[in-house]
Amino acid sequence: MDTILELQNISKSFDGKTIIKELNLEIYKNEFITLLGPSGCGKSTLLRIIGGFETPDTGRVLFDGKDITNLSPDKRRLHTVFQKYSLFPHYDVADNIAFGLKLKKKDKAYIEDKVQYALRLVNMEGFEHRKPDSLSGGQQQRVAIARAIVNEPEVLLLDEPLGALDLKLRQEMQRELMKIKKEVGITFIYVTHDQSEALTMSDRIIVMNQGIIQQMGDPKSIYDEPQNAFVADFIGESNIIDGIMLRDYLVQIQGVDIPCVDIGFAPNEKVDVVIRPEDLNIVEPGRGFATGRVMEVIYQGAYYDIRVSCGDFEWAIQSNNPAMPGSMAGLSILPENIQIMHKPRSSDEEIIEKN
Ligand SMILES: Nc1ncnc2c1ncn2[C@@H]1O[C@H](COP(=O)(O)OP(=O)(O)OP(=O)(O)O)[C@@H](O)[C@H]1O
Ligand SMILES: [Mg+2]
């Protein structure tokens with residue numbers, strides 16, 4: 001795969017506080033890459049460094065192999081769409097979209113053509129002469145995306161562009177964005193703190209916390225094989241419980257030996273055991289690897305969210321069948337659905353785990 005952007009050893013502090021820490025990342029041509037992480041972890045800062053709105057304290061940004069670290073935003077072959085739509089309120093939709101092209105002194109026919117193409121792309125034909133404040137949030141965001149696309153950037157940077165929209169509209173816009181991505185064939189760098197959005201849209205997800213990359217990979221590998229407890233916890237809900245890896249293929253949780261598929265840990269190593277709520281099954285009390293009391297059952301539409309308390313641990317279970325609050329229930333799990341992780345070693349990792 002061809003690399004289009006390369007971040008080398010990027011660090012950034014504000015007021016003595018490290019926000020991005022020695023970060024390295026390669027971004028490939030035409031991929032949809034998502035920066036995902038909790039609020040304040042440095043996603044927007046990183047995007048602003050790529051876009052040229054912020055200069056890193058150390059490191060370099062390379063575009064097609066050339067150092068662009070100190071190049072101004074308008075000289076970069078990329079375009080940023082910010083969370084706030086930032087349309088010009090006194091211009092109509094067509095003039096908003098045409099703005100960049102007029103600055104570049106393109107001729108009228110060319111501009112007209114491009115504006116129509118972009119409006120079709122974002123499903124906004126017929127809105128040419130509307131003013132931004134007469135549009136819904138989703139429509140304004142479409143115009144902002146159209147305005148970016150007419151400039152034919154090679155890379156489109158999107159900072160939580162759907163954050164202000166309600167769930168239904170957001171999902172609709174997610175599909176539209178994927179369609180646009182397919183049609184125009186450019187690189188998308190997308191920022192969100194919404195994990196389901198990231199899982200839906202991305203070719204590759206970069207999970208960040210405290211300015212450090214925790215894991216990168218395609219959505220399935222991030223979801224199925226989180227590399228540490230932070231990622232497991234952040235991507236979907238997880239049960240994370242202390243365990244002891246007795247030997248290859250055998251882990252002990254709360255005094256019970258449970259078959260698993262993991263190997264290569266030290267004998268009796270203390271580990272984090274991660275189990276997804278949807279991988280747990282409710283069985284007769286006394287069967288399975290644990291038995292406890294059903295504390296809570298919440299109907300979620302597609303499934304029931306069930307809490308079962310076993311000793312000092314409360315398990316989260318997603319099940320198609322309800323359980324009776326107050327009753328006893330057993331829990332079972334398939335060995336391949338158990339994930340074993342090393343406990344964090346450094347204090348850095350501990351900080352990450354605690355958050
Ligand atoms: N110009 C600035 N001056 C001082 N501190 C800043 C500046 N820009 C960002 N920060 C701080 O850097 C940290 C990371 O901010 P950033 O905007 O990158 O987070 P984020 O991951 O985008 O979060 P969110 O999901 O809330 O948008 C925050 O603590 C923020 O307060
Ligand atoms: Mg942000």
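Over how many bridges do E11 and strand E12 (residues 250-253) pair, and in which sense? That is a handy place to start, and point 1 has the answer. Please keep in mind throughout that this is a predicted model.

1. **The E11 and E12 hairpin.** E11 and E12 are joined by three bridges and pair in the antiparallel sense. One of the pairs to look for is Arg 247, whose bridge partner in E12 is Leu 250. Two residues lie between the strands of this hairpin, and Tyr 249 in the turn has a positive phi of about 70°.

2. **The other partner of E11.** Strand E11 (residues 239-247) also pairs with strand E14 (residues 269-275), in the antiparallel sense and over seven bridges. To find your way along this pairing, look for Met 245, which stands opposite Glu 269 in E14.

3. **A second hairpin, E16 and E17.** Here strand E17 (residues 304-310) pairs with E16 over six bridges, again in the antiparallel sense. Val 297 has Ile 306 of E17 as its bridge partner. The hairpin has four residues between its strands, and Gly 301 takes a positive phi near 95°. Strand E16 (residues 290-299) pairs with strand E19 (residues 328-332) as well, through four bridges in the antiparallel sense. In that pairing, Arg 293 stands opposite Met 328 of E19.

4. **The four-stranded sheet.** Moving to the start of the chain, you will find an open sheet of four strands with antiparallel pairing, in the order E2-E1-E4-E5. Strand E2 (17-28) and strand E5 (66-67) are at the edges with a single partner strand each, so one side of each has no neighbour in the sheet. E5 is joined to strand E4 (residues 58-63) by two antiparallel bridges, and Leu 62 has Asp 67 in E5 as its bridge partner.

5. **The six-stranded sheet.** Another open sheet has six strands and mixed pairing, and its order is E6-E7-E8-E3-E9-E10. Strand E6 (78-81) and strand E10 (212-217) are its edge strands, each pairing on one side only. From one strand to the next, the twist averages 15°. For a parallel pair, try strand E7 (residues 155-159) and strand E8 (residues 187-192), which are joined by five bridges. Leu 158 is a good marker there, with Tyr 190 in E8 as its bridge partner.

6. **Helix H1 and the two sheets.** Helix H1 (residues 43-51) lies across strand E1 (3-14), E2 and E4, and runs at about 125° to E1. H1 also lies across strand E3 (32-36), E6, E7, E8 and strand E9 (204-209), with an angle of about 150° to E7.

7. **Who surrounds ligand 1?** There are 13 residues around ligand 1, and those that come nearest are Ser 39, Gly 40, Lys 43, Ser 44 and Thr 45. H1 gives the most to this shell, with three residues. Sorted by class, the shell has six polar, four nonpolar and three charged residues.

8. **Polar contacts and burial of ligand 1.** Two backbone examples are worth a look: an oxygen atom of ligand 1 is 2.7 Å from a polar backbone atom of Gly 40, and an oxygen atom of the ligand is 3.0 Å from a polar backbone atom of Gly 42. On the side-chain side, an N or O atom of Ser 44 is 2.8 Å from an oxygen atom of ligand 1. Taken alone, ligand 1 exposes 640 Å², of which the protein buries 61%.

Notes
Residues numbered from 1 in each chain as written. Chains lettered and ligands numbered in written order. Predicted model: local features only at pLDDT ≥ 70, side-chain atom pairs only at ≥ 80, totals over all residues. Heavy atoms only, no water. Pairing = 2+ DSSP bridges. Contact = heavy atoms within 4.5 Å. Axes fitted to C-alpha atoms, helices over the stretch in contact; angles between N-to-C directions. Near = heavy atom within 4 Å. Polar contact = N/O pair within 3.5 Å; in protein donor to acceptor, adjacent residues only side chain to side chain. Areas by Shrake-Rupley, 256 points an atom, 1.4 Å probe, with all protein chains shown as cover. Nonpolar A, V, L, I, M, F, W, Y, C, P; charged D, E, K, R; others polar.
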